[in-house]
Amino acid sequence: MQYISFQCGDDDYLNLKKIAEQRHSIRDFSEEHVPIEQLRKAIIVAQRAPSACNRQGVRAYVITGKHKDCLKGWLEGTGGFSDAVDKYILITGKLSSYRRDEPFQYIVSASIFAGYLTLALQSQGIGSCIIQRSVLYNKKWTEVAKSLCIPGDEQAVLMIGIGMPKKEYAVPISWRLQYNEQVKEL
């Protein structure tokens, strides 16, 4: 057991709020490559995300270059921006990390990791867009997993397309529910 003191202040809140408010789903990237060191820094921060009972059943695959070709038949529904993506981060859940009575816990832990990761990418100046994929086994996933040598006890949860943002770019208009529409204080 390790004991630490809880420390957090107004500056921490304001920094996190700024990053969260600046983060948008970006589908229009520059031709500049994402520096691998910045990407590593973001992933290291995301590794601090909580997981069910600290089982750490989340895996991430950074897919670049010719390996992106393995994803071609699996990217339907991306709206045609896949050619602009520099790298993909495929996030999987390791099914053997969870008990039989927790059949979908791998989705929860991987999704929490993805949330942390998108904010960490933003903090590193890397644009991102979450790409939903089927969270159940299917033929296309089996083909992708085999071609990328992903173990059989891992299941895709989502992918994140990343790239360096242009100086100016268009983003979808994303309205948000008001606090009292989304939250009920009991």
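The dialogue below asks how several labels in this predicted model are justified.

Visitor: Why is Gln-122 called buried or exposed, and which one is it?
Guide: Gln-122 has a relative accessible area of 19%, and since the label buried applies under 20%, Gln-122 is therefore counted as buried. This residue lies in helix H3 and, leaving out residues up to four places away in sequence, touches Ile-19, Gln-22, Arg-23 and His-24.

Visitor: What makes Tyr-116, which is also placed in helix H3, buried, partly exposed or exposed?
Guide: The relative accessibility of Tyr-116 is 37%, and because buried means under 20% and exposed means over 50%, Tyr-116 falls in between and counts as partly exposed. Together with Val-108 and Ile-112, Tyr-116 makes a nonpolar surface patch of about 230 Å².

Visitor: How do you know that Lys-17 and Glu-21 form a salt bridge?
Guide: Their closest N and O atoms are 2.7 Å apart, and because the criterion asks for a side-chain nitrogen of Lys or Arg within 4 Å of a carboxyl oxygen of Asp or Glu, the pair qualifies as a salt bridge. Both residues lie in helix H1 (residues 10-22), four residues apart, which is about one turn of the helix. Lys-17 itself is partly exposed, with a relative accessible area of 34%.

Visitor: What makes the pair of Asp-28 and Lys-166 a link between distant parts of the chain?
Guide: Asp-28 sits in the loop between H1 and H2, whereas Lys-166 sits in the loop between S4 and helix H5 (179-182), and the two are 138 residues apart. Their side chains meet in a salt bridge at 3.0 Å, N to O, a value that lies within the 4 Å cut-off. Asp-28 is partly exposed at 29% relative accessibility, and Lys-166 is partly exposed at 34%.

Visitor: Why is the contact of Glu-102 with Arg-99 called a salt bridge, and how exposed is each partner?
Guide: The closest N and O atoms are 3.5 Å apart, and because the cut-off is within 4 Å, the label holds for this pair. Glu-102 counts as buried at 16%, while Arg-99 is partly exposed at 47%. Both belong to a network of salt bridges that links Arg-55, Arg-99, Asp-101 and Glu-102.

Visitor: Which residues touch the most other members of the largest nonpolar core?
Guide: Of the 25 residues in this core, they are Leu-39, Ile-89, Ile-91, Leu-117, Leu-121, Ile-160 and Ile-162. H3 gives the largest share of the core, eight residues.

Conventions: Residues are numbered from 1 along each chain as its sequence is written. This is a predicted model: local features need pLDDT of at least 70, side-chain atom pairs count only at pLDDT 80 or more; totals for chains, interfaces and linings use all residues. Side-chain values use heavy atoms; hydrogens and water are left out. A nonpolar core is a set of buried Ala, Val, Leu, Ile, Met, Phe, Trp, Tyr and Cys residues joined through side-chain atoms within 4.5 Å. Buried means under 20% relative accessible area, exposed over 50%, partly exposed in between (1.4 Å probe, protein chains only). Patches are made of residues with over 30% relative accessible area and no salt bridge: like charges are joined within 9 Å, nonpolar side chains (Val, Leu, Ile, Met, Phe, Trp, Tyr) within 5 Å. Accessible areas come from the Shrake-Rupley method with a 1.4 Å probe; for residues, only the protein chains shown count as cover. Contact means heavy atoms within 4.5 Å.
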